[in-house]
Amino acid sequence: MSRRARVVVALSVLLMMLSSLGAVSAQTLKVTAEAWYYNKYKLEEAAARFQEDHPGVEFEWSKAGDFEVAPLMLAWSRDRYVADIAIVASPSEAVAFQARGLLHDFEDVLVGKYAKENWLEGFLEQCTMDGKVYAIPTDAEVMTLVGRRDFAAEAGLTDADGYIIPPKDFDELYEYLQKLTVKDETGRTVRYGMTVNWSPEYMCYAYFSGIQAMRGTIYDDEGNLDFSSPEAVELLRFWQRGVDEGLISTSSLVEHSGPRNDMQSGLACILWEDHARVIEIGHVVGPENMQIVPIPGSEENGTVSYTMSLMIPTSAEHPELAKQFVLEQLNAEWFAHDLMDRWGKLLGLKEHVEAKMDDPIWKTVFQLADNSVGLPKTVDHAKMVDIMTAEIHNMLKMQQTPEETLARIREQIAPLNLEPLG
Amino acid sequence: MRYLSSNQKLPRALLFLLGVLVSLIVLSPIIWIILTSFKDTKEIYAVPLTVWPRKFVWTNYLTVINGLPEFPIYFVNTVKATLGTLLLVLPLSAAAGYAMGRYDFPGKTAVNAFIIAVLAIPYLVFLVPIYIMEDILGLLDTNLGLILPYTALNLPLAILIMQNSYREIPSELEDSARIDGANAFQTWLLVMTPLVITGLAAVAIFTFVAVWEEYMFARTLMFSTSAHTLSVGLPSLQVESKTWAYGTLSAALALSLLPISVVFVVLRKYFIEGVLRGSVKG
Amino acid sequence: MTRSKARQTKKALVPWLFLLPAVVFLATFLLYPLLSALRISFSEYNFVYSEKPVFNGLTNYIELFQDRHFMISLKNTAYYTVVFFPLFILLALFLALLLNSKIRGINAFQAAILLPIVVPLSLAGVMFTWIFSQDFGILNHILANVLHLPHLQRFWLGDVETAMNALIAVGLWKYTGFGIILFLAGLKAIPVELYEAAKVDGVNGWQNLIYITLPNLKGSFSLVGIWGIIQAIKVYDQVVVMTNGGPGTATSVLYLYAWKNAFTFFNMGKGQAIAFFTAVLAIVISIVFQVLLRPEKG
């Protein structure tokens, strides 16, 4: 070996030692999520608290555009996107990654305090694929109605304590809407009885929560997602008639946040979206004016729930540390209660909800969550949502009858791959 | 109007009024945004609406500057993409245009045919393959990942314009440079290129406009807010967490339109020239 | 190799050296993508689930015409084009004539009327979303409280009948300036002598417009027309920002549906097939237009 070669070898050994030292002393957790997540979740505080317990851990945040996660996930699906923790829209999207072996499972850490039986069952099940938990629920939501108690009181729909009396069925709900709606002398609605979130992000959940509440299942007799039962026709007819008669706002047809704005500005009395809005809207119109109203039938038949999920890609450099951060801070009591109080969003551990059971809102939410189902994870889920959104919007705009709408949906989803995965 | 007799006083006054009216209509969306940006949230959502702010407040601008860390990032990304593309398009098109405009050589017809053909193809066709390519090369979500395709997409037209510009120069100038002993590179850079500054300006302007407002590629190839440009980033402020923040959004819009509007008003002549030469591209 | 041959090779080499950097760019980012795009459009390729593209012949193209949503997008794009095109030409011509006149303040008018050229279409979309808003929008406010025509108020972006027209309005606001510039160039190119000769003959203003100005603008019409039609076929930015194809399928257009197929449904093959279909459509229409409005020789 020449002298020069020896120097090179010595130098490179030194460099390797140095770099491995560096790796031990500074561990950086890379977290990526949609931008809005950073505004609602106290991630930085969670990081600071984690750093107290684990000195030397650094954090690197990256934000994806709101509702623009698809390109990010595409990159990820090619195993080209490096993150330790990724927070994505729903586990149904994660199933593709699991199928390609791109996710770490959480089985080894779900013990003791975090054992599977301590989580809200429906949500954890949505994160389970092939019998293993590959994601941790965060921002878990139950589809329900939330109502304005003050408006309902004006219309005489409240009990002695001022709570809205839950309507027994959709016919009674329709009567509620007629009583709650206010029109001016020209016949133009100035206050809607209801506003429903039919935006692409919610369409699927809104529709199937109605089906589940009416029938106790989201599947038809042949085991396919239900687009044919008499109840499906009834639900669509309820929506269409409500829109046609000016009882239901269609603001969600253009804007995802339309229904929330309707509620916050007092333009609508009942919102059909997720339970979290009861808190969020309460901050604007006064919490004493807000209440959860179960979708008719959902107390026996259940409703639909969904959750965002925290995942750890196999490309993660520090998967074990990431798991610790997820459990220790992103599921800590302070974190969970902060979210519940400010935004009404749920995390997965039961104890955090149980601590708030004396609040009627959380009691109802807990019952609904316990009795809720998730939507199946399928390859062509996004395509199905697109078809449903298009056809149901067309129906709401009086372009077609409920029966035609369902027939067109059935026809278009026929070639899709909607076999439940995992 | 030239076809109207210029001595008629009445039509002239009418035309003037018409000009004022049309200008106001065209500018009204921008004026509305600026007015909105000075209202507080309560007033923005007031029923009935107010047109002129009851009270001018700066809070929306302060929110953008202090509370919207994305905004300067979008701005810087947009400037980077624009400057980066210009830095590549200008020398590349000048060099290529010189070769195409002043030389005859084997393969020239093929290159020319390709350029003309590519000009007719909508960008959409290139989106998926470029996405897949950048995915493989690790260029997604990086500034370079926008600059490279923008350069390629704007090059064909730029070459065409530069080719015509160089062709119009009388050949005596080139010959005398050669006789003075300048090599091809020197002739191109020092003798010929100073004569095609208007062509370069036109290329710069239409490339600038194209990159500044590009939406589809920027939306697809960039997915982190840290990589987004203004045209993609600002619309995304409309959603989820940012509801009820139209005041902030208006202020951000006003701030992002201000510099470009000033540049446009000052350099209008060049913009018109750039658009004119750039209109060959569909 | 003889000396002269070497010199000849060297001479051919010089232009290629100048061309090389640009050619590398064009080959890497346009030619190669174009070829690979062709391959993708003939393949079954789910970007998330498929390992690699699998050749499936013309299936993607055939499936397009059995796809309801695609046919609706095609129809909507046609509607957009048919409404946008004449309005674009008329507005651009009218405003070009206005800006070509010698009136006071013409520079200010020109700056104002052409300003939308530099406003990104997506940002224009944001501005107009707000203007068209049902409850907080200035348009409905003006209709109801200034013009006292409350029955004309609409849910502009939420109604099937008005949503597409609202998008067309935004397209016109943004693009008319380009048409004006092209027409202005055409107007400036008309020889002044023609008008002077007409003046001697006692021709009035309107006759000037019809017999001199318009016939001499034939080339500009062809240019503006092709440009306008292609902008219409390519409509995308403001659709994404303002309606994303809704309500229902009322504003779904070809570019949007292609994008959705590729990047929302991960079906790259079908998205690419729609892209090629759109490209062929644009090219055929511009050729037809060029042939129709070809200026007579001589």
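A residue is buried if 20 or more other C-beta atoms lie within 10 Å of its own, exposed if 12 or fewer, and partly exposed in between, with C-beta atoms placed from the backbone. Residues count from 1 along each chain as its sequence is written, while chains are lettered from A and ligands numbered from 1 in the order in which they are written. The model is predicted, so local features need pLDDT of at least 70 and side-chain atom pairs count only at pLDDT 80 or more, whereas totals for chains, interfaces and linings use all residues.

Q: What share of the residues in chain A is buried?
A: Chain A has 19 helices and 14 strands. Both are DSSP runs numbered from the N terminus: helices are H or I with at least four residues, strands E with at least two. Chain A holds 422 residues, and the buried share is 52%.

Q: How far apart do the C-alpha centres of domain 1 and domain 2 of chain A lie?
A: Domain bounds come from an automatic or database domain assignment. In chain A, domain 1 is 26–141 + 306–373, and domain 2 is 142–305 + 376–413. Their C-alpha centres are separated by 28 Å.

Q: Which element gives the most to the side of domain 1 of chain A that touches domain 2 of chain A?
A: Here 20 residues of domain 1 contact 22 residues of domain 2. Two residues are in contact if their C-beta atoms, placed from the backbone, lie within 7 Å. Elements giving two or more residues to the domain 1 side include helix H5 (91–99) and strand S6 (136–148) of chain A. The top contributor, with five residues, is H17(A).

Q: How many residues of the side of chain C that touches chain B are nonpolar?
A: In this interface, 83 residues of chain C contact 78 residues of chain B. Helix H1 (residues 3–41) of chain C gives the most to the chain C side, with 18 residues. Ala, Val, Leu, Ile, Met, Phe, Trp, Tyr, Cys and Pro count as nonpolar, Asp, Glu, Lys and Arg as charged, and the others, Gly among them, as polar. Four residues on that side are charged, 16 are polar, and the nonpolar count is 63.

Q: Which helix gives the largest share of the largest nonpolar core?
A: A nonpolar core is a set of buried Ala, Val, Leu, Ile, Met, Phe, Trp, Tyr and Cys residues joined through C-beta atoms within 7 Å. The largest has 303 residues; Ile85(A), Leu253(B) and Ile180(C) are among those with the most contacts inside it. The largest share, 16 residues, comes from residues 160–188 of chain C, helix H7.

Q: Is Gly228(C) buried or exposed?
A: Gly228(C) lies in helix H10 (residues 218–233) of chain C. Leaving out residues up to four places away in sequence, Gly228(C) touches Phe84(C), Phe85(C), Phe88(C), Ile89(C) and Gly179(C). Gly228(C) has 27 C-beta neighbours inside 10 Å, so it counts as buried.

Q: What span should helix H10 (residues 197–213) of chain B have at 1.5 Å a residue?
A: Of the 17 residues in H10(B), 13 are buried. Expected span is 1.5 Å times one less than the number of residues. The end C-alpha atoms are 24 Å apart, which agrees with the expected 24 Å.

Q: Where is Pro247(C) found?
A: The peptide bond from Gly246(C) to Pro247(C) is cis, with omega near -5°. Pro247(C) sits in chain C, in the loop between helix H11 (237–242) and helix H12 (254–263).

Q: Is Asp130(A) buried or exposed?
A: Asp130(A) is not a glycine, yet its phi is positive, near 50°. Asp130(A) lies in the loop between strand S4 (128–129) and strand S5 (132–133) of chain A. There are 11 C-beta neighbours inside 10 Å, so Asp130(A) counts as exposed.

Q: Is Phe266(C) buried or exposed?
A: Phe266(C) also has a positive phi, of about 65°, without being a glycine. Its place is the loop between H12 and helix H13 (268–292) of chain C. With 23 other C-beta atoms within 10 Å, Phe266(C) is buried.

Q: What is the mean pLDDT of chain C?
A: The model scores ipTM 0.91 and pTM 0.88. The predictor's confidence in each residue is its pLDDT, from 0 to 100. In chain C, 96% of residues reach 70 or more, and the mean pLDDT is 89.
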